Amino acid sequence: MTQTTLRVNEHGLVQHADLQHLITALHDKGYQVIGPTLQDSAVVYDEIDSIADLPAGWTDEQDGGTYRLKRRDDAALFGYTNSPQSWKKFLHPPRRRLWQAQREDAESDFVFMPENGTLPRYAFLGVRACELNAIAIQNTVFTKGPFIDPMFKALHDAAFIVAVNCIQAGGTCFCASMDSGPHVHSGFDLALTELIDADRHVFLVEVGSRRGAEIMEQVPFEPAQEHDLAAVRRIESAVADDMGRTMDTTDIKQFLYDNVNHPRWDDVANRCLTCSNCTIVCPTCFCTTVEDVTDLTGNQAERWQRWDSCFTLDFAYIHGGSVRALARDRYRQWMTHKLASWIDQFDSSGCVGCGRCITWCPVGIDITEEVHAMRESDTTSAEISTLNMV
Ligand code: SF4
Ligand code: SF4
């Protein structure tokens, strides 16, 4: 008898020619499907209608300050590694209006109008293991504390996640060191692994939720065999062994706290342009600022939230000046927050090892190299100061 349904934790095999049914089923359920596309010589997450929109046969080459697309010698749809943008731009948009206020004229009272329009229901196609962890980290930041970001929560809770296991590691990836990849284990509705060779082009699908099982009712599949699961395990192991970077995270929190005065902070400050690229591309960085704008009559006002960065002088400005005046202070704040004080704040690392901050740093500053250099000459500070660390 032919198997027609899959339950949670079960696996099926979908032919390349049938993957379109997945996108169609998501559309039919009312999701706006977002996936990888080729734009501006990069892989960019954007709305897609069909598998023809995916970057078939493309991969990328990444190193410190370097990103370039190149052709693969097969037609893999997910044969690239991390793209410059993460899913953060959809769940925590770079710019959003928080409220408006209007009045008829100078004699009238303002009427406040919060933003409460309908939010999209996204289906993300192609979420990698490190990115899934980054989404979970931002979910903790935005929804597990005393103040909940209602927009993030609504977008996050409605999103359908189709994860994709990496079939190759990128030059700047180190998710294996951060225990956040390369294989997805939870937090998805469906997870795909692309299996491609001379004889076949198929996707092994794992169902992660009841929503995922419902969608799979619309997608033709065959039962997965033990040799298919073994092929996935081999890919996972090969990708983990092929990471472009590694980071020694042993006792990293205390190590960084103990080295707040390490001379390496001055060394990196001589190279850092404080351009903020690393924070903008980072899938876990979440800081924002707000700006108020009014029209010329003074009868219309709006408050906008936009991404900010701990690399700007204004970010740490308090009465009398910035508390992080030097590039050294700002880089140290960023890296120590990512790898140490984040653990105190949110009970996890703030870094998932996606490598974006290395690839997109214009001068190729590499967080793994900075940790390595500091470990080579540990100067455990006698006078430990956590000033500026939070
Ligand atoms: S580390 Fe690189 S990307 Fe980050 S602020 Fe400095 S120069 Fe810019
Ligand atoms: S700090 Fe760098 S490697 Fe770590 S999650 Fe952010 S962008 Fe990725």
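## Two domains and their helix packing

H8 and H12 run roughly antiparallel to each other, with about 150° between their axes, which clears the 145° cut-off for that label. Keep in mind that this is a predicted model. The domain assignment splits the protein into domain 1 (11-241) and domain 2 (252-376). Below is a quick tour of how those domains meet, how three pairs of helices pack, and two spots in the backbone worth a look.

**How the domains meet**

- Taken over C-alpha atoms, the centres of domain 1 and domain 2 sit 25 Å apart.
- On the domain 1 side, 45 residues touch domain 2, which brings 38 residues of its own to the contact.
- About 3,500 Å² is buried between the two domains, and carbon and sulfur atoms account for 58% of that area.
- Which three residues supply the most of what domain 1 buries against domain 2? They are Lys88, Ile137 and Phe174, with 17% of that area, more than any other three residues.

**H8 against H12**

- Helix H8 covers residues 264-271 and helix H12 covers residues 367-376, and their axes lie 10 Å apart.
- The handedness of this crossing is right-handed.
- From H8 come Arg264, Trp265, Val268 and Arg271, and they meet Glu369, Glu370, Ala373 and Met374 of H12.
- Sorted by class, that contact holds 4 nonpolar and 4 charged residues, with no polar ones.

**H10 against H12**

- H12 also packs with helix H10 (residues 327-346): the two axes cross at roughly 90° and come within 12 Å.
- H10 therefore counts as roughly perpendicular to H12.
- H10 puts Tyr331, Trp334, Met335 and Leu339 into the contact, while H12 answers with Ile367, Glu370, Val371 and Met374.
- What classes do the residues of this contact fall into? There are 7 nonpolar residues and 1 charged residue, and no polar ones.
- Two H12 residues turn up in the H8 contact as well as here: Glu370 and Met374.

**H3 against H4**

- Helix H3 (residues 129-143) packs on helix H4 (residues 150-158) at about 140°, and 9 Å separates their axes.
- Is the crossing of H3 and H4 left-handed or right-handed? H3 passes H4 in a left-handed crossing.
- H3 contributes Ile135, Gln138, Asn139, Phe142 and Thr143, and H4 contributes Phe152, Lys153 and His156.
- By class, this contact has 3 nonpolar, 4 polar and 1 charged residues.

**Backbone spots to check**

- Gly181 and Pro182 are joined by a cis peptide bond, with omega at about 10°.
- Pro182 belongs to the loop that links strand E9 (160-164) to strand E10 (190-196).
- Thr274 is not a glycine, yet its phi is positive, at about 50°.
- Where does Thr274 lie? Look in the loop between H8 and helix H9 (277-281).

Methods. Residues are numbered from 1 along each chain as its sequence is written. Chains are lettered from A and ligands numbered from 1 in the order in which they are written. This is a predicted model: local features need pLDDT of at least 70, side-chain atom pairs count only at pLDDT 80 or more; totals for chains, interfaces and linings use all residues. Side-chain values use heavy atoms; hydrogens and water are left out. Axes are lines fitted to C-alpha atoms, for helices over the stretch in contact, and angles run from 0 to 180 degrees between N-to-C directions. Helices (H or I, at least four residues) and strands (E, at least two) are DSSP runs, numbered from the N terminus. Angles under 35 degrees count as roughly parallel, over 145 as roughly antiparallel, 65 to 115 as roughly perpendicular and the rest as oblique. A crossing is left-handed if the near helix is turned anticlockwise from the far one by less than a right angle, and right-handed if clockwise. Contact means heavy atoms within 4.5 Å. Ala, Val, Leu, Ile, Met, Phe, Trp, Tyr, Cys and Pro count as nonpolar, Asp, Glu, Lys and Arg as charged, and the others, Gly among them, as polar. Domain bounds come from an automatic or database domain assignment. Buried area is the accessible area (1.4 Å probe) that two parts lose on being put together, summed over both.
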